[in-house]
Protein chains: 2
Amino acid sequence: MEKIKRSERLGAMARILTESPNRIHTLGEFCELFGAAKSTVSEDIDLIDHSFAQFDLGCVETLAGAAGGVRYRPVPSPARVKRVLSELSERLQEPGRMLPGGFLYTSDVTSDARTAQALGEILAAAYYEKQPDLVLTMETKGIPIALMTARALDVPLVIARRDSRAYEGSAVKINYIAGGGNERIETMALARRAVKAGQRALIVDDFMKGGGTLQGMVDMMREFQAEVVGVCVMISTAQPEEKRVQGARSLLVLDGFDRANGRANVRPAEEYR
Amino acid sequence: MEKIKRSERLGAMARILTESPNRIHTLGEFCELFGAAKSTVSEDIDLIDHSFAQFDLGCVETLAGAAGGVRYRPVPSPARVKRVLSELSERLQEPGRMLPGGFLYTSDVTSDARTAQALGEILAAAYYEKQPDLVLTMETKGIPIALMTARALDVPLVIARRDSRAYEGSAVKINYIAGGGNERIETMALARRAVKAGQRALIVDDFMKGGGTLQGMVDMMREFQAEVVGVCVMISTAQPEEKRVQGARSLLVLDGFDRANGRANVRPAEEYR
């Protein structure tokens, strides 16, 4: 095999590590790919880690032992988190986002891949230690953020549906109370094969008002005998203060609307200010 | 500013380029970040491009002129495309994926972030030259692949809904004919502000049987006076041969089911074999 120089290895190695977040690569994998010794690959990894740390691009961790190797986690610094959430708050405060009925137009933001990835990486960073086996969301608007959270954690995404479709096979259906204000009973369905008993689920959605949909997802996981290791949303309303679901993490808070100019009052949640 | 060595720049630069596919970064941006001269940054970029090319990790392009700079496109080689699609075909042929009614269970595949990213990059690669302004999909199962296609193209994702929800604001609603076999009229809604007249849309979905939903999306774009630059899906059925939508690109073909053992017959489409 042709000898590959360090300056040629570093870019490729950075790309391989970052395109599979939270996945452990053995040093042997890189040794073989580059025809390099383990000590050389180790030095490369230190250089990449140093470079990422210096420019706030996440962290490269070396794990010792039999199951050891190297993995990349796109953990953003507190300063980066603060900047992302404050820019997002600004964006959601643009005039014209107030819809009839006191709703906030967020579809352009929730389905933007870069935003979804930034938010997914912020959320994932808070749950690496809890080692979730899957991310659960409910269709539709939360899917991009939930997908990017699952990507950063390297676990599958599971999507609950409003009704069980023929092409999902046998499904578990539950009812839940939706709507903060005008309450109603809704149905949520999830393919039986999507979750196994004993698995650890991280619940991710875009929006929380009363918290009924999120509590529905918690109830759904109970039906599957799965454990919920966290519940989180992009944005939650300040009112009602009491939510149906307990202990949810929210990145942003919607305090209400300035009805005179149609602007929403949005701010990063307390812990991210 | 502290002098940063090449070995420290390369990892960071690879990460910055690859995390924003198809976005043009000026050389000045990197010069400032690293405190390096343009000629030095140019050499770095050549090294990264060479490294990516050697290991089939996409391409880094330098654009001359006033709007010039450098951009990364995650274009996979034909060999990589072939491998991804043949592995995916294998996976979809696992026993137990045949559902009552002749449906194929694909939800675990369509919502897997790594698979969605690989497929999104394959699809995007075919449309860079058409310069789409947005990717359009219809909820729910196509969202992850459409999102990853939009990510690779650096354009917004727009999601059509089954019904217009209060929190989407004013919407355009159309009827379309769904279902290959038992045909029925369904409704599709899209927020009025989501697409502007004259924009170029790439339509992406997970599955095509009769092609009615895809044709519905084409009709929807006509309502918005937007141009459709392509229609593509992850998998289409071999039957019916005649689809309601014209000229759709499909990555995989479902030839049918081997009913004795419940296995689907899935293969990469002709042009990817």
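Which domains does the domain assignment of chain A give? In this predicted model, for which local features need pLDDT of at least 70, side-chain atom pairs count only at pLDDT 80 or more, and totals for chains, interfaces and linings use all residues, the assignment gives domain 1 (6–73) and domain 2 (78–272) of chain A, the bounds coming from an automatic or database domain assignment. Residues are numbered from 1 along each chain as its sequence is written, while chains are lettered from A and ligands numbered from 1 in the order in which they are written.

The centres of domain 1 and domain 2 of chain A, taken over C-alpha atoms, are separated by 33 Å. Their contact takes 6 residues from domain 1 of chain A and 6 residues from domain 2 of chain A, two residues being in contact if their C-beta atoms, placed from the backbone, lie within 7 Å. The side of domain 1 that touches domain 2 in chain A has 1 nonpolar, 2 polar and 3 charged residues, where Ala, Val, Leu, Ile, Met, Phe, Trp, Tyr, Cys and Pro count as nonpolar, Asp, Glu, Lys and Arg as charged, and the others, Gly among them, as polar.

Between the chains, 45 residues of chain B are in contact with 44 residues of chain A. Two or more residues each are given to the chain B side by α1 (6–18), α3 (38–54), α5 (107–110), α7 (143–153) and β6 (157–160) of chain B, helices (H or I, at least four residues) and strands (E, at least two) being DSSP runs numbered from the N terminus. The largest share of this side, 10 residues, comes from α1(B), and the side as a whole divides into 24 nonpolar, 11 polar and 10 charged residues.

A turn of 180° with a shift of 0.0 Å along the axis lays chain B on chain A with an RMSD of 0.0 Å, the superposition being by least squares on the C-alpha atoms of residues with pLDDT of at least 70 in both copies. The two copies are therefore related as by a two-fold rotation axis. In chain B, the C-alpha nearest the axis belongs to B:Gly11, 2.7 Å from it, and the same surface serves both copies, with 98% of the contact residues of chain B recurring in chain A.

B:Gly11 is also among the residues of α1(B) that make the contact with α3(A), as are B:Arg9 and B:Arg15, whereas the α3(A) residues include A:Leu47 and A:Phe52. The residues of this contact divide into 4 nonpolar, 5 polar and 3 charged.
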